[in-house]
Amino acid sequence: MIARLRADAAKSLAAFNEAAANPNIRNVVITGTAFFSSRWALNVSLYVFAYEVGGAAAVGLIGVIQMLPSVLAVPIITGMGDRFRRQRVLAFVYAGGALAAASLAFVLQDTDNGVAVFILAGVSATIGAAARPVQMALLPACAKRPGELIAANVVCGASDGIGAIFGPAVAAVILTVAGPEAVAVVVAITRASAALFVMRVEVAQTVAPLAERSWRDPAAVLGAALDGVRALGGLPGPRLLIAMLSVRTFVRGMLIVLLVEAAIAALGMGEPGVGTLNAAIGIGSLIGGVFALGLVGSARLAPSLALGLIGRGLPILLIGIFMDPVAAILLLAVCGVSNSIVDTSAFTLLQGTVPDRVRAGVLGVLEAAIGLTVAAGEVSAPILLDRVGVETTFIIAGAILPLATIGLWPWLRRLDDQLIVPREELRLLQGVPMFEPLSLAVLERLAGGLEQVTYPTGTPIIRQGDPGDAFYLLIHGRVHIDRDGAHVVDLGAGDSFGEVALISGEPRNATVTAAGDCRAYRLQCAAFLSAVTGNPYSQAAADRVAAERG
């Protein structure tokens, strides 16, 4: 048992180190952390300005103004990540956020500009809400292995938690020596820098661009942007994931209200207790990242997702039963740990079950659903508090996720079976030296072009002198390779052949015959060349193979 735990820990650490050594993942994570920190910092300055203008009511109003436009606009903005290079779309989001912050820096100087501040706050929040979906859609194009992608998802999840701690702290320091406008200036500079740095991400184009000049047609752009929304109709697994994550954020919205009520009234912790209880969740989330890395070696993610969802709700229920300050802090830390596991499992499953061509748009739908359900939870909690009291409301809120998870488990358990590239197929593809450097997004595209074919004993699969039209990857059986009538070598399951003619453009230089009943994957020439020649390391590996076999 100890040996297995050590092996799993070593595998997790190796995946983390691999992700950290990947320059594309580093740039995405670092710029994302900077952007999310700036979002938290800007919100603090906006809340301070709103309170000065109109008190608590104005703070609530600016929150609504920030949420409502994003629900409608984010799926459209993120959908463009399925038609243009995602690093460019992400840079556009960061640059748009910088422009909005710079505009806010100008109008925040005068409290008479309240209307302009509120409008720009909505614009900034709408642009900012698109960052996470595009970032998560970009990561599969940066990662080369599932473990590396899981590690990247863990770090991205932690970056939001770091932003929630670092951003408000920076804002607090600046506000002690200057006004909200100074915070907005720092935010604008940070976001502009993030836009420049994220452009350094170099990944293969994996999305279908808009046809020439059609991007100038608003109807074509809008139609392309909504592809992700339409695609969900045929994706039951991702629909279920979005539904479960929406239930979680509904509970989170309730918890935002419940923690204020509990800290001040039920637990006797006073106003500082609100911060203490929320900090417990944040600390738990950071700790949970370590546990989430343990998912690297998991054959299936659905069980971890289910346990995480139950672990997110059950502690809230227990708070309602015990209603003790120390117990509440510990239980909320467990909520944070579970939250990290849910995020890592759910986003990795979404990335693996949503086709790359609509991935950004679908993740944008999730972001919009999160905004709506958080607001719905915030509205529902006060109603329940008024009718049944704080303890019972905690119990109701805590029971929602466990009951939903248990009820939907027969469907949740099938999520791993809906992966676009099944793990065995992925293992075979990555076993081919020239495919090993390719990202998961490119491997997904390759897998979509694979055709399974069978050959009885003695069947010629390739004839010497024929034009090259396909690449082959053996699944089962053995083949003989002969050149000019002389036997060269035998190949077995996991081996590949047929690449030399595709790379050189010359006729087949050998005959390949089934030595027994064979099964193989067949990949057309265009799909093979598109994947291999788009990556310099893959191209180099292909050239080496061609030289060895030529």
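Buried residues here are those under 20% relative accessible area, exposed ones are over 50%, and partly exposed ones fall in between. With that in hand, D484 is easy to place: its relative accessible area is 66%, so D484 counts as exposed. The model is a predicted one, and D484 makes a handy way into its strands. This aspartate sits in the loop between β4 and β5, and its phi is positive, about 55 degrees, although D484 is not a glycine.

The two strands on either side of that loop belong to an open sheet of 4 strands, laid out in the order β2-β7-β4-β5 with antiparallel pairing. At the edges are β2 and β5 (486-491), each of which pairs on one side only. Going from one strand to the next, the twist averages 30 degrees. Inside this sheet, β7 can be followed towards both of its neighbours. On one side, strand β2 (residues 460-462) runs antiparallel to strand β7 (residues 511-514), and 2 bridges join them. Here P460 has T513 as its bridge partner in β7, while I462 stands opposite V512 of that strand. On the other side, β7 pairs with strand β4 (residues 479-483), again in the antiparallel sense, over 4 bridges. In that pairing D482 faces T511 of β7.

Another open sheet, also of 4 strands and with antiparallel pairing, has the order β1-β8-β3-β6. Its edges are taken by β1 (450-455) and β6 (496-497); each has a single partner strand, so one side of each is left without a neighbour in the sheet. Within the sheet, strand β3 (residues 470-476) and strand β8 (residues 518-524) are antiparallel and share 6 bridges. L473 is found opposite Y521 of β8 in this pairing. A helix packs on the sheet too: α16 (residues 423-430) touches β1, β3 and β8, and its direction makes about 125 degrees with that of β3.

Helix α17 (residues 440-448) is a mostly covered element, with 7 of its 9 residues buried. The buried set is made up of L440, A441, V442, L443, E444, L446 and A447. A glutamate, E444, is thus listed alongside leucines, alanines and a valine.

Turning to helix-on-helix packing, α5 (residues 131-142) and α14 (residues 359-388) meet at an angle of about 145 degrees, with 8 Å between their axes. The crossing of α5 past α14 is right-handed. From α5 the contact draws on R132, P133, M136, A137 and P140, and these meet R359, A360, L363, G364 and E367 of α14. Sorted by type, the contact residues come out as 6 nonpolar, 1 polar and 3 charged.

Helix α5 spans residues 131-142, and C142 is worth a look of its own. There are 0 disulfides in the structure. C142 accordingly takes part in none, and the nearest cysteine sulfur, that of C156, lies 9.2 Å away. A disulfide calls for a pair of cysteine sulfur atoms within 2.5 Å, so a separation is easy to judge against that cut-off. C142 is also buried, at a relative accessible area of 3%.

Two further single residues round out the picture. G114 lies in helix α4 (residues 114-129), and with a relative accessible area of 12% it counts as buried. Its C-alpha atom is 9.4 Å from that of G54, although the two glycines are 60 residues apart along the chain. M323 is placed in the loop between α12 (302-322) and α13 (325-353). Its phi is near 45 degrees, a positive value in a residue other than glycine. M323 has a relative accessibility of 16%, so it counts as buried. Both loop residues have a positive phi, M323 near 45 degrees and D484 about 55 degrees, but M323 is buried, whereas D484 is exposed.

Notes
Residues numbered from 1 in each chain as written. Predicted model: local features only at pLDDT ≥ 70, side-chain atom pairs only at ≥ 80, totals over all residues. Heavy atoms only, no water. Buried < 20%, exposed > 50% of the residue type's maximum accessible area, 1.4 Å probe, protein only. Pairing = 2+ DSSP bridges. Axes fitted to C-alpha atoms, helices over the stretch in contact; angles between N-to-C directions. Left-handed = near helix turned anticlockwise from the far one by under 90°. Contact = heavy atoms within 4.5 Å. Nonpolar A, V, L, I, M, F, W, Y, C, P; charged D, E, K, R; others polar.
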